[in-house]
Amino acid sequence: MKVKGKLVFLLALLLVALVAVAGCGGSSDSGSSGSGSGDAPEEAPKTVKTIRISNGINDKHPAYLAGLEFAKIVESKTDTLKVEVYHSGQLGDDRTATEALQLGTLEAVVTSTSPIANFIPEYAIFDLPFIFADYQVADSVLDGPFGDQMLEMLPDQGLIGLAFWENGFRNVTNSKRAIATVADTDGLKIRTMENKVHLDAWKALGANPTPMAFTELFTAMQQRTVDGQENPLITIELSKFYEVQDHVSLTNHVYTPFVFLISKIFWDGLTAEEQQIIQEAAYESRDWQRAEIRKQTEGSLDTLKANGMTVTELTDEARAEFEAAVRPVIDKYKTEIGAELVDFMFEEIDKARK
């Protein structure tokens with residue numbers, strides 16, 4: 001009987017243990033059913049990707065301000081992207097910044113098209129003189145099939161072109177005389193970018209083009225090392241060139257776009273949704289930037305006049321004379337750039353003028 005009693009006792013203990021285990025299991029199921037009695041699993045922190053945008057211009061220029069607009073748009077649509085905008089070449093000049101994009105050590109740059117010609121020779125097409133007649137033609141051509149074709153050349157160089165922004169029409173200043181005809185440029189030492197198309201164009205006009213870093217230009221004009229320079233009106237104003245230059249001629253001899261570039265290495269690491277947000281923001285900020293720079297350009301001309309600069313506008317006859325003088329330069333570089341591409345651009349320009 002004692003053995004039988006012990007057996008009954010052990011069976012009772014086993015039954016109690018099984019009931020306890022079943023009870024614990026029920027409690028666990030209840031907690032996972034969403035009743036709120038258990039702690040919710042923590043979400044993994046989101047990875048934030050930073051886009052640093054380099055600009056060579058100062059913090060008053062519409063290209064820099066448009067970068068801030070771009071940042072506002074992007075950050076309002078996602079919390080996975082952060083945008084930082086730098087000015088005055090803080091992250092390097094345009095060429096250095098573009099090379100950093102190719103290496104993946106920098107995310108974005110807003111650069112003039114001229115430095116891109118160092119990587120893609122076809123981009124010298126934007127340096128051809130007296131091509132675009134006005135803003136409407138420039139916008140139509142750059143935002144159409146021709147502009148798309150130019151942007152499609154960039155990925156092979158490790159770059160993604162988001163949109164064409166605006167640097168503007170270039171005009172010439174000097175400290176010697178008003179420029180109203182081609183003869184007035186004869187012998188003038190004009191600072192230019194180190195760009196062979198620009199150099200040849202000014203030589204064709206009888207000037208003595210002098211390549212020089214932009215950072216050295218103000219002092220060079222102050223010391224009369226050079227007689228003048230050429231840049232968009234807003235750059236002339238913001239750089240206070242009116243302090244060392246007496247004359248500005250509205251030649252509008254070259255229209256220079258900005259290109260908003262992003263590193264292909266960085267771009268390929270984004271989600272499709274992030275890429276779409278960035279692309280749409282680039283278009284929105286492009287429209288904002290163009291409107292802002294054109295408004296400021298009108299104010300820049302008033303500022304130059306108010307600071308004593310003589311403003312000269314070219315007559316239709318004088319403009320035709322300038323265009324004829326540089327035509328051999330266009331013919332020369334048409335072959336080097338690519339005749340088919342140059343012809344395509346002129347076809348698109350003709351369409352835009354109609």
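Which residues line the second largest cavity? I went straight there and got Ile125, Phe126, Leu128, Ile131, Phe132, Val254, Tyr255 and Met345. Note to self: this is a predicted model.

**Entry 1, cavities**

I searched the whole structure and got two cavities of 30 Å³ or more. The second largest has a volume of about 40 Å³. By class, its lining comes out as eight nonpolar residues, no polar and no charged.

The largest cavity has a volume of about 70 Å³. Its lining is Asp127, Pro129, Phe130, Val197, His198, Ala201, Trp202, Leu205, His253, Val254 and Val326. H7 and E8 are the elements that give two or more residues to that lining. I checked which gives the largest share, and H7 does, with four residues. The class split for this cavity is eight nonpolar, two polar and one charged. I noted that Val254 turns up in the lining of the largest cavity and also in that of the second largest.

**Entry 2, nonpolar cores**

Next I looked up the largest nonpolar core, which has 41 residues. The residues with the most contacts inside this core are Tyr123, Ile125, Leu128, Phe132, Phe146, Met150 and Leu154. Helix H3 (94-103), helix H5 (135-142), helix H6 (145-151), strand E4 (159-174), strand E8 (247-263), helix H12 (316-337) and helix H13 (339-353) each supply at least two of its residues. The biggest giver is H13, with six residues.

I picked Phe146 from that core and listed its contacts, skipping neighbours within four places in sequence. The list reads Ile125, Phe126, Val141, Leu341, Phe344, Met345 and Glu348. There is also a second, separate core of 29 residues, with Ile51, Ala71, Ile73 and Ala163 included. For the background, I jotted down that nonpolar side chains tend to be buried together in soluble globular proteins.

**Entry 3, pockets**

How much space lies in the largest pocket? I have it at about 1,300 Å³. It is lined by 40 residues, and Asp94, Pro115, Arg191, Met193 and Phe214 are the closest to its centre. Elements that each put at least two residues into this lining are H3, strand E3 (108-112), helix H4 (113-116), E4, helix H7 (196-204), helix H9 (233-238) and H12. I sorted the lining by class and got 15 nonpolar, 16 polar and nine charged residues.

The second largest pocket has a volume of about 330 Å³. I have 21 residues lining it, and Tyr135, Phe169, Leu233, Asn252 and Thr297 lie nearest its centre. E4, H9, E8 and helix H11 (272-306) each supply at least two of the lining residues. The classes here are ten nonpolar, five polar and six charged.

**Entry 4, strand E4**

E4 gives residues to the lining of the largest pocket and to that of the second largest, so I looked at its burial and pairing. E4 is mostly covered, with 16 of its 16 residues buried. It pairs with E8 in the antiparallel sense over 13 bridges. At one spot I found Asn174 standing opposite His247 in E8. E4 is also joined to strand E7 (residues 228-232) by five bridges, and these two run antiparallel. Here Val172 has Glu230 in E7 as its bridge partner.

**Entry 5, Phe130**

Back to Phe130, one of the residues lining the largest cavity. I found it in the loop between H4 and H5. Is Phe130 buried or exposed? It counts as buried because its relative accessibility is 12%, under the 20% cut-off. Leaving out residues up to four places away in sequence, Phe130 touches Thr251, Asn252, His253, Arg319, Phe322, Glu323 and Val326. I also checked the C-alpha atoms of Phe130 and Phe322, which are separated by 8.3 Å although the two residues are 192 apart along the chain.

**Entry 6, positive phi**

Most residues other than glycine have a negative phi. I logged Asn252 as a non-glycine residue with a positive value, near 45 degrees. Asn252 sits in strand E8, and it is partly exposed because its relative accessible area is 27%. Ser88 also goes on the list, with a positive phi near 55 degrees. I placed Ser88 in the loop between strand E2 (81-86) and H3. At 41% relative accessibility, Ser88 counts as partly exposed.

Conventions. Residues numbered from 1 in each chain as written. Predicted model: local features only at pLDDT ≥ 70, side-chain atom pairs only at ≥ 80, totals over all residues. Heavy atoms only, no water. Core = buried A, V, L, I, M, F, W, Y, C linked by side-chain atoms within 4.5 Å. Buried < 20%, exposed > 50% of the residue type's maximum accessible area, 1.4 Å probe, protein only. Contact = heavy atoms within 4.5 Å. 1 Å grid on protein atoms, 1.4 Å probe; cavity = no way out; pocket = protein on both sides within 12 Å on 5 of 7 lines; lining within 4 Å. Points joined across faces, edges and corners; volume = space filled by probe spheres on them. Nonpolar A, V, L, I, M, F, W, Y, C, P; charged D, E, K, R; others polar. Pairing = 2+ DSSP bridges.
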